[in-house]
Every structure is written in C-alpha cells, then in structure tokens.
Protein chains: 2
Amino acid sequence: MAYRETEKMRKRKAEARQRILTCAYQCVAQSGFRSARVTTIAALAGLATGTIYRHFESKEDLFAEIFRLATQREVDKVAEALATEGDATVRLEAALRQFAERALRGPVMAWSLIAEPADPKVEEERLAYRKAYARLFETAISEGMEESCIPQQDARQSSTCLVGAIAESLVGPLSPAQAGSQPEAKHHNNDPLVDSIIRFCMQGLTGTRR
Amino acid sequence: MAYRETEKMRKRKAEARQRILTCAYQCVAQSGFRSARVTTIAALAGLATGTIYRHFESKEDLFAEIFRLATQREVDKVAEALATEGDATVRLEAALRQFAERALRGPVMAWSLIAEPADPKVEEERLAYRKAYARLFETAISEGMEESCIPQQDARQSSTCLVGAIAESLVGPLSPAQAGSQPEAKHHNNDPLVDSIIRFCMQGLTGTRR
DNA sequence: ACAAGAAATGAATAGTGATTCACTACTTCA
DNA sequence: TGAAGTAGTGAATCACTATTCATTTCTTGT
C-alpha cells in the first residue's frame, strides 16, 4: 500500500470545493445562472474543467448547491429579523422589509433566486426556497393569531401571498432589462417602493388600514 | 412575369400559419414550452420542419406569439369579469376569482404562462402579460378610490401585489410535480384555496376584515 | 527513491435540437 | 404549354457546451 488519503489532502480538497463554490457564486451573482459556464468557473478558480467534476456530479448539482447557499443566507437574515422584539406584526414587518431591501441591494442574485429560468434541479431548490420563506412567515402569523394581533386565517395561504406579493413587486425593479438603471450604491432603506409593498402585505394580513 | 402572389395563395399561407399556431398551442397546453419540439409541431401540423421557418423567424418567435395569444385569451376573460355590474370591490373580486379559477382549470398552460422557465423572448412576453393584468387591476383600483370603496393608495403597486399573490399561490398547485394529483374534471368553483387568496387580496386592498 | 494509488488536466467527444439549403413541386400568367 | 417565380421539403449541418477519459502530475508510505 502506498497512498492513503491524509488529513492534509482532505483539507486541500475541501478548499478546492469551497473555491469552486465561491467562484461559481460570484459568476451567478454577476450575471445569473444562464450565462454561467462550467469552463469559466473552472478558469476563475484556477482549475481545469474536468476538476469541477471531481467535486460535483454535474453542473446542475453545482448550481443547485449554490442556490441552496445563497438561499440559506437570505432566509437566515429574514429569520433573524423575525426573531427580534415586539409583537408578531412588528416582527413580520421587519422581516418583510429585510427581504425586500436585501433583494434590491443585490439585484442580480435576487433575480436569479426569485425569477431566473433554470434547470430542473435548481427549480426544485427554488420551490424549497420559497417554501422556506413561507414557513417562516407562517410561523409568525400563527404566533400573531395566538397573540391575537392578527385575525384568524389560513396562515400557510397568507404566507404564500406575502412571498408572492413581494417577489412580484421586485421582479420589475430587478429584471435584467432594468439592471443598468439602478444607481449602484443606493441605500434602499426607507425606499417608498418597499413601504407600499409592506403596507399592502400588512393590510392583507391584519385587515387593518394603516 | 409569371407568378404573382394571389389571394388564394395568401389565404392558404395564412391558414398554414394558423395551423402551426394551433398545433403549437396544443403542444404547449399539453406539456409546456420546455418539451415542445419544432419537429413535433411540424409533424402535428402535417408540414415539413423547414416549413415552420417560412412562417416564423425562429422557434423563439413562434413561442412568443403563442404566449401572446394564450395571454390575450386570459387577460380578456379577466377584463370581462372586471366589466360587470357592481362597485369596484365586487368587480375586482370577480376578476381575481376568474384569474385563479381559469388557471386551476387549465393547469399546464397556466403554469407555462405563470412560471415555466422559457427563452428570453418568451420571458419578455411574460413580463408584458403580468403587466397587462396589473394594468387592468390598477384601473379598477383607481375607480374604486374614486368611488371611495377602496382607500387611497398607490394603485400600481397594489395591483402588482395582487398579481404576485395570486401567481405565487397558484405555483404550488399548478407545478408539474403536483400535476397528477389534480383529479381531471374538477370544478374549482368555490375552491377554498381561491377563497382564501381572494380574502387576503381584498383585505390588502381595502384594509377591511372580511 | 520507488511503487501504488489518487487527483488534476484539458482536448476531444457527444447529445441535443434548432436551423439551413439544395432541391422538388407547385402556381401563375402569357 | 412553358417560363418565371414561390412554397414546401427534410436530411444534413451547425452551434453550443456539458461531460468524459487517457494521460500526466502529485502524494503517500516503505
């Protein structure tokens, strides 16, 4: 016997894998899934094309993983906003705001996550992603109903509507056609667009004019 | 000179074009854009593959046109529902219901129109399609504000939220993963799903609990 | 240093389907 | 009927990239 995988090698492989993910992420964040090429990613990572395939089954799998990562990041932020002080409506409002503002700040990635056409495996992840948001909101709505600051309703259905209303409102501003028109480093805090989305959503939830 | 396009020929060509559209429509309604093949469509229309290209620039163009047609049909129906008697809220509610119920009745086409990944030109049409709905709703909302049965708000923004909330709520039930589970000839009138979507939407609009 | 194996390489391959185009068949009109 | 022009045909081509794999380079333990 002569070669056995050692800790050092394991680590190096893990690093390579990580680097691939990072570079692929970068590609996608820069111009979406559609135009991301395996060859480009490999070059960017300083690896040969074939090497990608030692770390990932297929391009689709790689992309699905990127999607999962990007998603996790977003969902975590929203979960965080949802975990602050205040009654359910306050927390939900903060969460919706977080969702919308983050999307407006990273429009290409947001668009890829929300609306860009993609391969089946990625689409699957997308459904999961939307469900993750919906679940988060659903829980908060249920809590709100218990605290009775939100009237009785089908929490799952309402959360789906929330996700839809926000996503749709963002598609216009996010879609690549509009890409150039967004001045780069805009803050998007207190964006009136975000305010009116949130007003609609909160009204839909509470049935209370604001 | 010997051959000049005559009325008869013009008509025959128009018919062929129409037939292509019909067959393509059928393909899409049956299994979506992704799996529709130019060759299949040609065969279905009783034409050679190449003939398709005498009538349409490219597959993308053909599909964009189908999308436009299908869209027009749907939008017209919603416009119709919006043109009935009653105050703005009543009419809007009827329109939303029409939108949702029609989608549930023709799930494959609805999914293609709402969510199926597609080529850029088709995606462009999709944006237009969603905007067409939004515009319709927007007008009704504005009317409602004048009639003061709907409180003051950004009508465009709200209409976008409506479209998003409905579309998102339908994606789950329509997505091909669920396809088999829908018993074929279900009525979808008084579907509780539709009711709760509509409740959310109308609350969002009016801020009035129902 | 060497043998045994693992990892990396990247040019060549392959699958997929849209699109082309040289050719045939048809239409028109004198 | 025949010349001129148009429509229809469909097998062959092309474009695009993901993926493969024979070969090379690197690691490891003796």
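**Two protein copies and two DNA strands**

Of the residues of chain A, G204(A) comes closest to the rotation axis, with its C-alpha at 1.7 Å. What is this axis? Start with the general idea. Two copies of a chain are related by a rotation about an axis and a shift along that axis. The model here is predicted. In this model, a turn of 179° and a shift of 0.0 Å along the axis lay chain A on chain B. The RMSD of that fit is 0.2 Å. The two copies are thus related as by a two-fold rotation axis.

Now look at where the chains meet. Of the interface residues of chain A, 97% are also interface residues in chain B, so the copies meet through the same surface.

Turn next to DNA strand D. It is surrounded by 25 residues. The closest are A2(A), T6(A) and R12(A), together with K13(B) and T51(B). Both chains appear in that list. Which parts of the strand face the protein? Take the atoms of DNA strand D within 4 Å of the protein: 68% belong to sugar or phosphate, and the rest belong to bases.

Some contacts to strand D can be picked out one by one. R12(A) places a polar side-chain atom 2.6 Å from a phosphate oxygen of DNA strand D. The side chain of Y53(A) has an N or O atom 2.7 Å from a phosphate oxygen of this strand. V38(A) uses its backbone instead: an N or O atom there lies 3.2 Å from a phosphate oxygen of DNA strand D.

Which helices line strand D? In chain A, α1 (7–31) and α3 (49–55) each supply at least two residues of the nearby surface, and so does α3 (49–55) of chain B. The largest share, five residues, comes from α3(B). By class, the surface near DNA strand D has nine nonpolar, eight polar and eight charged residues.

Now move to DNA strand C. Around this strand there are 26 residues. K13(A), T51(A), A2(B), T6(B) and Y53(B) come nearest. Of the atoms of DNA strand C that come within 4 Å of the protein, sugar and phosphate account for 70%.

Again, single contacts help. The backbone of A48(A) has a polar atom 2.9 Å from a phosphate oxygen of DNA strand C. From chain B, K59(B) brings a polar side-chain atom to 2.8 Å from a phosphate oxygen of this strand. K8(B) has a side-chain N or O atom 3.5 Å from a phosphate oxygen of DNA strand C.

The helices come next. α3 of chain A, α1 (7–31) of chain B and α3 of chain B each give at least two residues to the surface near DNA strand C. Which gives the most to this surface? That is α3(A), with five residues. The residues near strand C divide into ten nonpolar, eight polar and eight charged.

Finish with the cysteines. How many disulfides does the structure hold over all chains? The count is zero. Why does C201(A) have no bond to C161(B)? C161(B) holds the closest cysteine sulfur, but that atom is 5.4 Å from the sulfur of C201(A), too far for a bond. A disulfide needs two cysteine sulfur atoms within 2.5 Å. C23(B) is in no disulfide either. Its nearest cysteine sulfur, that of C27(B), is 7.2 Å away. Are these cysteines buried or exposed? C201(A) is buried, with a relative accessible area of 0%. C23(B) also counts as buried, at 7% relative accessibility.

Definitions and conventions: Residues are numbered from 1 along each chain as its sequence is written. Chains are lettered from A and ligands numbered from 1 in the order in which they are written. This is a predicted model: local features need pLDDT of at least 70, side-chain atom pairs count only at pLDDT 80 or more; totals for chains, interfaces and linings use all residues. Side-chain values use heavy atoms; hydrogens and water are left out. Copies are superposed by least squares on the C-alpha atoms of residues with pLDDT of at least 70 in both. Contact means heavy atoms within 4.5 Å. A residue is near a molecule or strand if one of its heavy atoms lies within 4 Å of it. A polar contact is a pair of N or O atoms within 3.5 Å; within protein, one must be able to donate a hydrogen and the other to accept it, and residues adjacent in sequence count only if both atoms are side-chain atoms. Helices (H or I, at least four residues) and strands (E, at least two) are DSSP runs, numbered from the N terminus. Ala, Val, Leu, Ile, Met, Phe, Trp, Tyr, Cys and Pro count as nonpolar, Asp, Glu, Lys and Arg as charged, and the others, Gly among them, as polar. Buried means under 20% relative accessible area, exposed over 50%, partly exposed in between (1.4 Å probe, protein chains only).
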